[in-house]
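I opened the model to look up one helix and one pocket. My entries follow.

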Amino acid sequence: MQKSIIRELDIKEEDELLLRPQKLNQYIGQDNIKEMLDVYIKATLKRQESLDHILLYGAPGLGKTTLAQIIANELGTQIKITSGPAIEKTGDLAAILTTLNAGDVLFIDEIHRLPRFVEEVLYSAMEDYVIDIILDKERDSRSLRIELPPFTLVGATTRFGDLSHPLRERFGVTFRLSYYRVDEIAQIVRRTAKVYEHEIEEDAVMELAKRSRGTPRIANRLFRRVRDFADIMNDGKITLEITKLALGKLGIDERGLDDSDYLYLRGIIERFNGGPVGLESIASTIGEEPGTIEDVFEPYLLQEGYIKRTPRGRVATELAFELLGKKYYKGLLDL
């Protein structure tokens, strides 16, 4: 059973790798970031130095991991990937850092979740390429210094404000990834269809793009589900009709909002008269974790203007009231 699970996971990872662009010129969107990265990488290669440490932040699914992999590819070096929660002690960090070769890229996802004492050890690794480990042997406590080759740390976070000021200051380059335009998501959908060798109508491309919340990861996920319907109902060809049917079954409306978004908005409007309401209160009302609400629900709702964050809490906007009003009126007419 264990071998079967591992094999399925490996196939899934290979599938994801096919969808991920490998070079900057293949990466769609984030044009300003690509332009600056191209300059920084070329200058680094010309000087034969290690690239400065880079911090990427933004909502989930916007391409932070993909950019880190592209950076390593453009530099012609290896990449090691880990996450903040996986590094529980300084020995874990030391074990990773000591496997790096000169110029390698270390990618730490969810870097805001690094334990503080591990973060403090990381400071000297980033600045001086050394780590100091305290060896505590009862009465005799001494420090061991380990020299590291020059490397590039790429950190990624969905919560820029949760990073400590000393850690933020040690990154030479900071990029904020933005939501994608509909035309950019459409390009990604076309590329995904080509990778999977599925014929798709242009109207279906645009429909998927409009409902993908400006997020490549969501676009690719929705494409797979629409593809399932097309395989069963239309010999694999993805039409506008099948796309609307599949997305309707998934509960995703024309704006890209799903049942969870409506649950969140109804919670604010019906239970708290539109707010303001604190995060913990709305989380307990709808039965979701506060972290999930902050990282998954709210970024897009804020972007689209359905809610506002104020010092007193979350507030539903007039747009949210209009949205739910139309939905309720439709429900009454259908009765």
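I looked just past helix α10 and found G251 with a positive phi of about 75°. Helices here are DSSP runs of H or I with at least four residues, numbered from the N terminus. I note that this is a predicted model, where local features need pLDDT of at least 70, side-chain atom pairs need 80 or more, and totals for chains, interfaces and linings use all residues. Residues are numbered from 1 along each chain as its sequence is written, and side-chain values use heavy atoms, without hydrogens and water.

Next I went back into α10, residues 240–249, and listed its buried residues as I242, T243, A246 and L247. Buried means under 20% relative accessible area and exposed over 50%, with a 1.4 Å probe and protein chains only. Seen down the axis of α10, these buried residues fall within an arc of 125°, so they line one face of the helix. The arc is taken from the directions from the helix axis to the C-beta atoms. On the face turned away from that side I found the exposed residues E241 and K249. The buried residues of α10 pack against α8 (202–210) and α9, with contact meaning heavy atoms within 4.5 Å.

Then I turned to the largest pocket (an open set of points on a 1 Å grid over the protein atoms alone where a 1.4 Å probe fits, with protein on both sides within 12 Å along at least five of seven lines). Its lining has 29 residues, those with an atom within 4 Å of a point. R20, G61, G63, T66 and R217 lie nearest the centre of the pocket. α9 gives the most to this lining, with 5 residues.

Methods
Helices (H or I, at least four residues) and strands (E, at least two) are DSSP runs, numbered from the N terminus.
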